[in-house]
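User: Please take a close look at one part of this model, the nonpolar core and the sheet beside it in the text. Then place the other parts around that description.

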Amino acid sequence: MKTVLSLLMVVSLVVAQYPQYSDPIYPECLDLQDSDFRLVKIFSLSDDSTLSEPMRMDFYQDDSQKVNIYFIERYGTIKYFNATTKKLSVVGKLDVVATDADEAGLIGFALDPGFKDNRFVYFYWTPVSPSVYRLSRFKISADSNKLDPTSEKVIVDILDTRIGVNGEPGGFFHNGGSLFFDKKGDLWWTIGEHDHCNVTPASYHSTTDKECSGEDNSSDTHSWYGSIVRIHLNPDGSYSIPKDNFGEYWSKKFATEGRMTLSQKYADTSLVRPEIYAKGFTNPMSISIDPLTGWAAVSDCGAQCHKIDPTHYCPADGLSEKHILITEPGFHGWPYFHAKNHPYAITVEDEKEPLKPVNLSPFNQGVDTLPPATPATYVYGPPEWGNWICSVGGTFYRYNWGNPSDISLPPHFDGVMISSDLNTGWKRAIEIDSGTGAFIKASADLWTTLLDTTLNKEVSSTGKGNVMDLRHGPDGALYLLNYSQRQYTVDETTGLYRIEYHGDCKPVVGTKDNRTVHHRNIIKSGYIDIDGEYTAEFFKLNGKKVYSLKGFGKEKLPLAHLPGSGLYKMRVHSNGKILYSIFVKN
């Protein structure tokens, strides 16, 4: 089953063809055009001259339901945008290790799902001392909206195992750092490979140089590095392990295959870290979780091939930068494979078998036999070749039929991953099979009319449109936290922006108390108003018909005849022709 019918785009000047709305009960929902959308600047450098390398954001809806935004900057500052006053303020600052020659600092951030009541907030950062990557919980005062530095609860410290060029701790590249809570309250956390060496298989597979080896991190089942982590945080700051993480899942899997020795190894937490959900990543810059399926969308930056001349260890087409859909715990290839399981090796003799990868490195502390490598969902490269490219975004969208927002993206995007690139600035919709998670197709660049003259206009020769964080807000709009067009700097594009939908496709209509009507010419003030005879049928969302009304002219919605409160599909037809299909909230 497809989540959308089409994601084709025809590039002709700035005209874009958007996804089609595929629900057959609502056939009159119009096709999308660039003119249906608006790009709204929330703030930029002109509003706050202290903006510096914005990294991550999260949303807080207060009692007024306005979307307030907390965000972090790499050098340790936490800021807040008040949607009522339209003002920015400093919430606090962490004392971080960060320079203009690395990627360390304050790099991960999320509000607790219960933030309104407990005021908990989480950071992934590199403190001045000790030399670790740290996941911490703090509190923000409800009265002053300031960070309480005495409230820190250290959840995890990960030792920085690399040494810099001058002997100081130096594994400050490819850090990942995205934090995301799913609907169960589990925290998902991306951790990069912790790299600072060359970008060739010889260094990643070295058996003598532990500093450069990739086999003591991404393919080491006991290492935090190169992983997607999933934990459940408790009120006291401790955490538990959700069911069926990487080790438990593959222990069961190997047991069903009769491989009992391997099953026992994967159940051994001294060999497989229980917090890990998936392995084999380079620099997973972002993660989001589909609230419907529980699948994870991950953007894994830094596949290396875009920075060097193509060789036999890069795909011939250069398509190596990747967005990944994770439907179950698994091994995602690095440092043995990249792109769609293309071998990352100097010689054929050095190549691993994707179905049977093994880590025989002397630096490996985990299990030597790995699960079959999972290929990337979507890869890209040329025509971006020659520029620095880095996959970010990968945010799931689910259309909320009951959301009163008048700027939410339309149902055309329901179930679609919207992804971006940090340096080239494009936004693309990735269509996946809603049953299997298989890749179907990806659009070309979306919202070109809005972006090409604003965020994506070139103000630096090194890149354009550098969106660091891409998320859907609780109002259904798409929020873009823009870094700048050059690393370690700010420019006129640095700031926060929002893509809003202002077209006609807004299917939720009618309520029991006759509140806002969202669709034109169908229902007004809780009535069906059609010339002539018609039949109105009402269905539950699972397709079961619950009521039928034969009417003529203006008839009041038969809400009292519907079995309980909730959302229903209403189909109005006459003489075998569907006149309208719409959603009604009782």
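Analyst:

**Leu94 and the core**

In this predicted model, Leu94 touches eight residues that I list here without its neighbours within four places in sequence: Tyr75, Gly76, Ile78, Leu106, Phe123, Trp125, Phe138 and Leu147. Leu94 belongs to the largest nonpolar core, which has 48 residues. Along with Leu94, the residues with the most contacts inside this core are Tyr70, Phe123, Leu147, Ile158 and Trp189. Phe123 and Leu147 thus appear both in that group and among the contacts of Leu94. The element that gives the most to the core is strand β7, residues 120-125, with 6 residues. As a general point, nonpolar side chains in soluble globular proteins tend to be buried together.

A second core of 24 residues is separate from this one, and its members include Phe37, Phe413, Leu470 and Ile499.

**The sheet**

Strand β7 is also part of an open sheet of 4 strands, in the order β6-β7-β8-β9, and the pairing is antiparallel. At the edges lie β6 (106-111) and β9 (147-159), each of which pairs on one side only. On average, neighbouring strands here are turned by 20° against each other, direction ignored. Between β8 (residues 132-140) and β9, which run antiparallel, there are 8 bridges. One bridge partner can be named: Lys139 is matched by Asp148 in β9.

**The cavities**

Over the whole structure, a search finds 2 cavities of 30 Å³ or more. The second largest has a volume of about 50 Å³. Its lining consists of Ser178, Ser286, Ile287, Ser288, Gly393, Gly394, Thr395, Asp469, Leu470 and Arg471. Three strands, β15 (284-289), β21 (391-396) and β25 (467-472), each supply at least two residues of this lining. Leu470, listed in the lining, is also a member of the second core.

**Helix α3**

Helix α3 covers residues 246-256, and its buried residues are Phe246, Gly247, Tyr249, Trp250, Ser251 and Phe254. In an α-helix there are 3.6 residues a turn, so residues three or four places apart point the same way. The cover over the buried residues of α3 includes helix α4 (260-267) and strand β14 (276-279). Just after α3, Gly258 has a positive phi of about 80°.

Methods: Residues are numbered from 1 along each chain as its sequence is written. This is a predicted model: local features need pLDDT of at least 70, side-chain atom pairs count only at pLDDT 80 or more; totals for chains, interfaces and linings use all residues. Side-chain values use heavy atoms; hydrogens and water are left out. Two strands pair if DSSP finds at least two bridges between them. Axes are lines fitted to C-alpha atoms, for helices over the stretch in contact, and angles run from 0 to 180 degrees between N-to-C directions. Buried means under 20% relative accessible area, exposed over 50%, partly exposed in between (1.4 Å probe, protein chains only). Contact means heavy atoms within 4.5 Å. A nonpolar core is a set of buried Ala, Val, Leu, Ile, Met, Phe, Trp, Tyr and Cys residues joined through side-chain atoms within 4.5 Å. On a 1 Å grid over the protein atoms alone, a cavity is a set of points where a 1.4 Å probe fits but cannot get out, and a pocket is an open set with protein on both sides within 12 Å along at least five of seven lines; lining residues have an atom within 4 Å of a point. Grid points are joined across faces, edges and corners, and a volume is the space filled by probe spheres set on the points.
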